[in-house]
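Please walk me through this structure, taking its confidence, its ligand site, its aromatic contacts and a few individual residues in turn.

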Amino acid sequence: MPVLRGISLDIEPGEMVSIVGPSGSGKSTLLYCLSGLEPFESGSVRLVGREVGSLARGALATLRRDHVGFVFQSYNLIPSLTVRQNIALPVLLARRRVSGADVDRALLDVGLSDRGGHRPGQISGGQQQRVALARVLALRPDIVFADEPTGSLDTATGADVLQLLRASADDGRSVVVVTHDLEAASLADRVLVLRDGLIHGELRAPTPERVLEAIALAGGTS
Ligand SMILES: Nc1ncnc2c1ncn2[C@@H]1O[C@H](COP(=O)(O)OP(=O)(O)O)[C@@H](O)[C@H]1O
Ligand SMILES: [Mg+2]
């Protein structure tokens, strides 16, 4: 049986969408397919106007590099590099010109201007996830995907990270975030409830109470 079925979804610039649903419902797979990380057998995904399935591997890599950011639950920072170096590295790898000012800006955006010289092991988990987000934002993506970015953080710290994603959407990006946190999910313009690979429900102008209700209706805890 296909992991995802009958999903139709448009995400606008400036829009934040959150995805909730039970474990195994296909949330990560959906993010991977939408972001071009995982190939799919049928259906169509258009990213910034380009049909993902029809792109050669190199063209897809370029499209992803230039337009897509991905934040994972594990921060994936390089322990031996400083915070500044961690933020600058992907931009360098992408052969983009990165100025010290760009890195400063990214650090400022995530509230870590005073931590640039630290190594990941010297800062908290929440700060490490903010560095991971700065690393994505420094590439100026049009779309940011985040798969349970607060899954390893306490509620208050996680809320900070989600607020940054919200701000990123308010800046004109598209943001798609998988989260188990009802408050966090409610920061989005739209919440999708996934179950068994299907969009089981969709909420606009969500509140935590309504998200909880929708998850209950879908027949599972998130
Ligand atoms: N690469 C894969 N090949 C086949 N099945 C997969 C693969 N990755 C995940 N699955 C299956 O797809 C379903 C959805 O998984 P996943 O997207 O990780 O769900 P979630 O993120 O909501 O927990 C699960 O049943 C999982 O076992
Ligand atoms: Mg998952």
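The paragraphs below follow that order.

The coordinates are those of a predicted model, and confidence is therefore a sensible place to begin, because coordinates should not be read in detail where pLDDT is low. The chain averages a pLDDT of 91, and 99% of the residues score at least 70. Within the chain, confidence is lowest in helix H3, residues 83-93, with a mean of 87, and highest in strand E6, residues 174-178, with a value of 97.

Turning to the ligand, the residues around ligand 1 are Val3 together with Pro22, Ser23, Gly24, Ser25, Gly26, Lys27, Ser28 and Thr29. Sorted by class, this shell holds 6 polar residues, 2 nonpolar ones and 1 charged one. Several polar approaches can be traced to oxygen atoms of the ligand. At glycine 24, a polar backbone atom is 2.7 Å from an oxygen atom of ligand 1, and at serine 28 a backbone N or O atom lies 2.9 Å from a ligand oxygen. Threonine 29 takes part through its side chain, an N or O atom of which is 2.6 Å from an oxygen atom of ligand 1. Taken alone, the ligand exposes 570 Å², and the protein buries 48% of that area.

The aromatic residues offer a second route through the fold. A search of the whole structure finds 3 aromatic pairs. In one of them, tyrosine 32 and phenylalanine 70 have their ring centres 5.8 Å apart and their planes at 40°, an arrangement classed as tilted. This pair links distant parts of the chain, since tyrosine 32 belongs to helix H1, residues 27-34, and phenylalanine 70 to strand E4, residues 68-71, with their positions 38 residues apart in the numbering. Tyrosine 32 is partly exposed because its relative accessible area is 23%, whereas phenylalanine 70 counts as buried because its relative accessibility is 13%, under the 20% limit.

Phenylalanine 70 also pairs with phenylalanine 145: the ring centres are 6.1 Å apart and the planes lie at 25°, so this pair is stacked. Here, too, distant parts of the chain are linked, with phenylalanine 70 in strand E4 and phenylalanine 145 in strand E5, residues 143-147, 75 residues apart. Phenylalanine 145 is buried, because its relative accessible area is 3%. Tyr32, Phe70, Phe72 and Phe145 form one aromatic cluster.

Of the cluster members, phenylalanine 72 lies in the loop between E4 and H3. Its relative accessibility is 30%, so phenylalanine 72 counts as partly exposed. The C-alpha atom of phenylalanine 72 is 8.5 Å from that of alanine 132, although the two residues are 60 apart in sequence. A comparable description can be given for threonine 62, which has its place in helix H2, residues 57-67. Threonine 62 is partly exposed because its relative accessibility is 33%, and its C-alpha atom is separated by 8.7 Å from that of alanine 94, a residue 32 positions away along the chain.

Arginine 190 deserves separate attention. Its place is in strand E7, residues 190-195, and what is its state of exposure, buried or exposed? Arginine 190 counts as buried, because its relative accessibility is 4%. The side chain of arginine 190 reaches the backbone oxygen of aspartate 10 at 2.5 Å.

Finally, the backbone can be considered. Most residues other than glycine have a negative phi. Glutamate 148, however, has a positive phi, near 45°, and is found in the loop between E5 and helix H6, the latter spanning 155-170. Glutamate 148 counts as buried because its relative accessibility is 17%. Alanine 205 likewise has a positive phi near 45°, and its place is in the loop between strand E8, 198-204, and helix H8, 208-217. Alanine 205 counts as exposed because its relative accessibility is 60%, over the 50% limit.

How values were computed
Residues are numbered from 1 along each chain as its sequence is written. Chains are lettered from A and ligands numbered from 1 in the order in which they are written. This is a predicted model: local features need pLDDT of at least 70, side-chain atom pairs count only at pLDDT 80 or more; totals for chains, interfaces and linings use all residues. Side-chain values use heavy atoms; hydrogens and water are left out. A residue is near a molecule or strand if one of its heavy atoms lies within 4 Å of it. A polar contact is a pair of N or O atoms within 3.5 Å; within protein, one must be able to donate a hydrogen and the other to accept it, and residues adjacent in sequence count only if both atoms are side-chain atoms. Accessible areas come from the Shrake-Rupley method with a 1.4 Å probe; for residues, only the protein chains shown count as cover. Ala, Val, Leu, Ile, Met, Phe, Trp, Tyr, Cys and Pro count as nonpolar, Asp, Glu, Lys and Arg as charged, and the others, Gly among them, as polar. Helices (H or I, at least four residues) and strands (E, at least two) are DSSP runs, numbered from the N terminus. Buried means under 20% relative accessible area, exposed over 50%, partly exposed in between (1.4 Å probe, protein chains only). pLDDT is the predictor's confidence in each residue, from 0 to 100. Rings of Phe, Tyr and Trp (its six-membered ring) pair if their centres lie within 6.5 Å; planes under 30 degrees apart count as stacked, over 60 as edge-to-face and the rest as tilted.
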